[in-house]
Amino acid sequence: QVQLVESGGGLVQPGGSLRLSCAASGFAFDYYAIAWFRQAPGKERERVSCISSSGRTTYYEDSVKGRFTISRDNAKNTVYLQMNSLKPEDTAVYYCATRRLCRGGPSSYDYWGQGTQVAVSS
């Protein structure tokens, strides 16, 4: 079965860093884009980053551009999100999700992980 498992979340101070990982199995990872979404309570789910199947093309939401970096290691079936200069407004549950292309909103994505909590607080 398809499985996406996020890890690496936690509590950090403003200005700190975290690296999230998304480990994938059960599908042809090399053919699929992987996106990171986040959702805070009472807020809309928001796509923050996406990487194409080859890794050649990346997308960042404006609020994280320059602070977050997405990458993938197809040999390990894993996608990473390096999060630097974290702000309190980055606090959310972070999910990875997959579809063939980096397109569309949450309903366009086929499979989702369980999420990992990121809290940025002093």
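# A tour from the salt bridges to the rings

Start by selecting Arg67 and Asp90: both are buried. This is a predicted model, so read every distance on the tour as a property of the prediction.

**Stop 1: the charged network**

Show the side chains of Arg67 and Asp90. They form a salt bridge, with the closest N and O atoms 2.7 Å apart. The two ends come from distant parts of the chain, 23 residues apart: Arg67 is in the loop between strand 6 (58–60) and strand 7 (68–73), while Asp90 is in the loop between strand 8 and strand 9. Why does Asp90 count as buried? Because its relative accessible area is 1%, and the cut-off for buried is under 20%.

Keep Asp90 on screen and add Arg38. Here is another salt bridge, 2.9 Å from N to O. This pair also links distant parts of the chain, with Arg38 in strand 4 and Asp90 in the loop between strand 8 (78–83) and strand 9 (92–99), 52 residues apart. Arg38 counts as buried because its relative accessibility is 7%.

Now add Glu46. Its side chain meets that of Arg38 in a salt bridge, 3.0 Å from N to O. Is Glu46 buried or partly exposed? At a relative accessible area of 27%, Glu46 is partly exposed.

With these residues selected together, you can trace how shared partners join Arg38, Glu46, Arg67 and Asp90 into one network. The count for the model is three salt bridges. As a reminder of the chemistry, side chains of opposite charge can pair when their charged atoms come close.

**Stop 2: Arginines over rings**

Next, select Arg47 and Tyr59. The charged end of Arg47 sits over the Tyr59 ring, 4.2 Å from its centre.

Then jump to Arg99 and Tyr109. Arg99 lies over the face of Tyr109, 5.8 Å from the ring centre. Leave Tyr109 showing for the next stop.

**Stop 3: the aromatics**

How many aromatic pairs does a search of the whole structure find? It finds six. One of them is Phe27 with Phe29, a tilted pair at 6.3 Å centre to centre with 55° between the planes. Phe27 and Phe29 are both buried.

Now pick Phe37 and Trp112, another tilted pair, at 4.8 Å centre to centre and 45° between the planes. Phe37 is in strand 4 (residues 33–39) and Trp112 in strand 10 (residues 111–112), so this pair links parts of the chain that are 75 residues apart. Turn on a surface and compare the partners: Phe37 is buried, at a relative accessible area of 0%, whereas Trp112 is partly exposed, at 26%.

Add Tyr95 and bring Tyr109 back into the selection. Ring pairs link Phe37, Tyr95, Tyr109 and Trp112 into a cluster. Tyr109 is also the ring that has Arg99 over its face.

**Stop 4: Cys50**

Finish on Cys50, in strand 5 (residues 46–51). Cys50 counts as buried because its relative accessibility is 0%.

What is Cys50 in contact with, leaving aside neighbours within four places in sequence? The list is Ala33, Ile34, Ala35, Thr57, Thr58, Tyr59, Ile70, Cys102 and Tyr109. Among them are familiar faces from the second stop: Tyr59, the ring under the charged end of Arg47, and Tyr109, the ring under Arg99.

For a last distance check, draw a line between the C-alpha atoms of Cys50 and Gly105: they are separated by 11 Å, although these residues are 55 apart along the chain.

Notes. Residues are numbered from 1 along each chain as its sequence is written. This is a predicted model: local features need pLDDT of at least 70, side-chain atom pairs count only at pLDDT 80 or more; totals for chains, interfaces and linings use all residues. Side-chain values use heavy atoms; hydrogens and water are left out. Helices (H or I, at least four residues) and strands (E, at least two) are DSSP runs, numbered from the N terminus. Buried means under 20% relative accessible area, exposed over 50%, partly exposed in between (1.4 Å probe, protein chains only). Contact means heavy atoms within 4.5 Å. Rings of Phe, Tyr and Trp (its six-membered ring) pair if their centres lie within 6.5 Å; planes under 30 degrees apart count as stacked, over 60 as edge-to-face and the rest as tilted. A charge sits over a ring if NZ of Lys or CZ of Arg is within 6 Å of the ring centre and within 35 degrees of the ring normal. A salt bridge is a side-chain nitrogen of Lys or Arg within 4 Å of a carboxyl oxygen of Asp or Glu.
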